[in-house]
Amino acid sequence: MDDFAYLSPDAAYFDAACQSLRPAPVIQALNDYYQNFNSCGERVKYAWGKQTDEKVAATRAKVLQYLKLSPREYFTSFTLNTTYGLNLILSQIAPNQFVKIITSNLEHNSPFLATIAAAKRLGIPREVIDREPDGSINSSHDFTKSIVVFGAVSNIDGRELKNLKEIVKKIHQQGGIIILDAAQALAHNAELLAKTEADAICASAHKMYAPSLGIIVAHKDLLPKLEVNFLGGGMVDDVEKSTFQLSAENPAHIYTRFEAGLQAWGEIIALGAAIDWRMQQNTKNLMAYSKSNFEFLRGQNRIKLLNREFSPTLSFCVEGLDSHLLGAALSHENIMVRTGYFCAHYYLSHQNNYPPLVRVSLGLHNRESDIAKFQDAMRKVLEA
Ligand SMILES: Cc1ncc(COP(=O)(O)O)c(C=O)c1O
């Protein structure tokens, strides 16, 4: 069965790095919740609520299984998106434990800005270190007692943090912690994340074939390093006039630590369906299409392609042609690409002086005809 049968045959969607298209089983799981057992999770005793509880608990477990992490060490909480998760954790790190905060030049604005705010709040210096051209980090860097925030995969060109596991080890040996931005890694680079011993991993379900939702996977040992400063219903077992008892003190409810207020129960349940679906998919076609676009773009004289390697996410500009105009021209043919700086202003605009770019990001919904349509349209543009 074609899980994207709802997609018009001539709509070529190439913005999966922003939001994946959702396959039928995910939409069905969401509808099932809304139509058959719409209920509040983790609070109610009636039958619908029990169904919600079972499915929400299953999704928490599936996230850990997908990342090959043990529930003895890690737990899964839900938020709005990657940005919210990163800010939530960074804004709770207690002062006087770390001497600096480190991020890299290649980051999305989401960790880039959140680390600016955290450095200011904690009164510690912030370092922005340059990635190696292959996306790795120089492992001889000094990570002493540092809060480190790196992206696992770039949203510009899919570049991976190649030596992730080595870096995580170094940071821990030097008394630091690492929070990973896995927004771009979850859908197509889960192997890179598997068994990482990061202190926290933040991601967006909407880039992983699921509804809009944020995911935090945190190591249990991170919690003592955080202060409780964001509270609400669902997080407490008892409240007196000026004190409260956190539900997260009970190991069985530790995930409530980051979940103030009602959660997006239907979306969480549908994320479970997205993980099941994703684990059954073969990425052979996606990789072949990505390679085809990479080779096509690399072979054009007027095109400057940022990618050094093929990836589902490719960014480029065309000499003498405004990227936004090109994006608009492609849109006339129902080809949907992104144009601009993709929330990576520092790296693209300031450090490298690139003009606004075009980003073509593929997902498992893409068909061979989409690739042909894109390459034909680009040939016409380049010949004009
Ligand atoms: C690498 C990276 N980090 C963080 C984000 C922020 O994700 P969200 O807007 O879902 O919070 C994005 C979004 O595109 C991203 O690509």
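The buried residues of helix α10 are covered by several elements, including β12 (313–318), β13 (335–336), β14 (338–340), β15 (357–361) and α12 (368–383). The model described here is predicted. The points below take up α10, then the sheet that β12, β14 and β15 share with β11, then the residue V360 in β15, and lastly the surroundings of the ligand.

**Helix α10**

- Helix α10 spans residues 323–332, and S323, L326 and L330 are buried in it. These three residues lie on the same side of α10, because they cover an arc of only 55 degrees around the axis.
- An α-helix has 3.6 residues a turn, so residues three or four places apart point the same way.
- Exposed residues sit on the face of α10 that is turned away from the buried side: L325, A328, S331 and H332.
- Just after α10 comes N334, which takes a positive phi of about 65 degrees.

**The sheet**

- An open sheet is formed by 4 strands in the order β11-β12-β15-β14, with antiparallel pairing. The edges are held by β11 (303–305) and β14; each has a single partner strand, so one side of each is left without a neighbour in the sheet.
- On average, neighbouring strands of this sheet are turned by 30 degrees against each other, direction ignored.
- The antiparallel pairing of β12 and β15 runs over 4 bridges. F316 stands opposite V358 in β15.
- Helix α9 (residues 284–298) lies across β11, β12 and β15, and runs at about 20 degrees to β12.

**V360 in strand β15**

- V360 is part of strand β15. V360 counts as buried because 26 other C-beta atoms lie within 10 Å, where 20 or more are required.
- Leaving aside neighbours within four places in sequence, V360 is in contact with F14, N293, L314, V337 and F374.
- Y13 and V360 are 347 residues apart in sequence, while their C-alpha atoms are 8.9 Å apart in space.

**Around the ligand**

- The residues that surround the ligand are C18, N81, T82, T83, H108, S110, G151, N155, D181, A183, Q184 and S204.
- By type, this shell divides into 9 polar residues, 2 nonpolar and 1 charged.

Technical notes
Residues numbered from 1 in each chain as written. Predicted model: local features only at pLDDT ≥ 70, side-chain atom pairs only at ≥ 80, totals over all residues. Buried ≥ 20, exposed ≤ 12 C-beta atoms within 10 Å, placed from the backbone. Helix = DSSP H or I, 4+ residues; strand = E, 2+ residues; numbered from the N terminus. Arc of directions from axis to C-beta. Contact = placed C-beta atoms within 7 Å. Pairing = 2+ DSSP bridges. Axes fitted to C-alpha atoms, helices over the stretch in contact; angles between N-to-C directions. Near = placed C-beta within 6 Å. Nonpolar A, V, L, I, M, F, W, Y, C, P; charged D, E, K, R; others polar.
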